[in-house]
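This report introduces a structure to a reader who has not met it before. The sequence and the model are shown first, and a description follows.

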Amino acid sequence: MEKNTSFLKDQLHEHFDDIFETRLINELAQTGIYKVYKKGEMLLDIGDEMTHIPLILTGLVKVLREDQHEDEILLYFLEEQDTCAISFVNCINRKQSMFKGVVERDIEAIFIPVENIDSWLAKYKSWRHFIIDSYHFRLIEMVESIDSLAFMKMSERLLKYLTDKVKISNNVDLEITHQEIANDMNSSRVVITRVIKQLHDEGKIFSTRNKIKVLEFHE
DNA sequence: ACATTAAGTGATT
DNA sequence: AATCACTTAATGT
């Protein structure tokens, strides 16, 4: 037990040192549960009851909304230093999740039990800021997602999707199929193929089987 | 060489 | 922008 706690402490210092104060890190290390998930595993399904919230050390999780007919739409990604504050509210109310979380790139995370989350809000300023910032950031991403759906043309949406992927993976070379993109964007493969071809011809991307290189993107 | 999976295309709604 | 039906190209065994 002692060994495990010190391992968690090290991990937290490595990834969250600039966010959390030492006393909080000690508490997190005592109550947190360290877990590793592989790509493709589901962290959370719609309807699951929330018992823990994740602090992501490494890797990437994508958060999706799903309708009754298994159609999915990508909402946002969680990466290092992120948590899902939305799930935190669910925790406190003991409500079921509205979202689905799937591992996009192998993750290491520390799971914090519900019981502590609430009391730490009053106790630790850094924890309070962390949760509020996270909530704020998630909201901004949601608004972007709505804008994209409501106002942008397919080609603009796709380019935003691709450039977001580039930013997150720090790599302009993406390994992805048209079908996977269609799933994330709740579109059809044929439509994606045609828009990809258009962007390719415009010189904004370079695409081959299973690969897309993003040539033009702006911060 | 063959089977499987990804991508391209015209026609239609 | 979506769907159908089909073709063509790339890749794995």
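Which residues are around DNA strand C? In this predicted model, the residues around that strand are M154, S187, S188, V190, V191, R194 and R209. Of the atoms of DNA strand C that come within 4 Å of the protein, sugar and phosphate account for 62%.

By class, the residues of this surface divide into three nonpolar, two polar and two charged. Helix α8, which covers residues 189–201, supplies the largest share of the surface near DNA strand C, namely three residues.

Some of the residues around the strand also make polar contacts with it, and these are set out below.

| Protein side | Atom of DNA strand C | Distance |
|---|---|---|
| M154, polar backbone atom | phosphate oxygen | 3.4 Å |
| S187, polar side-chain atom | phosphate oxygen | 2.9 Å |
| R194, N or O atom in the side chain | base oxygen | 3.3 Å |

Thus M154 and S187 each approach a phosphate oxygen, whereas the partner of R194 is a base oxygen.

The description now turns to the protein chain as a whole. Chain A contains eight helices and eight strands. Its C-alpha trace spans about 60 × 35 × 25 Å along the principal axes. The radius of gyration of chain A is 19 Å, which agrees with a compact globule, because 219 residues in such a form would give a value near 17 Å.

Buried residues make up 42% of the 219 residues in chain A. Its accessible surface comes to about 12300 Å², and carbon and sulfur atoms hold 50% of that area. Among contacts in chain A between residues at least 6 apart in sequence, 71% link residues at least 24 apart.

Notes. Residues numbered from 1 in each chain as written. Chains lettered and ligands numbered in written order. Predicted model: local features only at pLDDT ≥ 70, side-chain atom pairs only at ≥ 80, totals over all residues. Heavy atoms only, no water. Near = heavy atom within 4 Å. Polar contact = N/O pair within 3.5 Å; in protein donor to acceptor, adjacent residues only side chain to side chain. Helix = DSSP H or I, 4+ residues; strand = E, 2+ residues; numbered from the N terminus. Nonpolar A, V, L, I, M, F, W, Y, C, P; charged D, E, K, R; others polar. Rg over C-alpha atoms; globule rule 2.2 N^0.38 Å. Buried < 20%, exposed > 50% of the residue type's maximum accessible area, 1.4 Å probe, protein only. Contact = heavy atoms within 4.5 Å. Areas by Shrake-Rupley, 256 points an atom, 1.4 Å probe, with all protein chains shown as cover.
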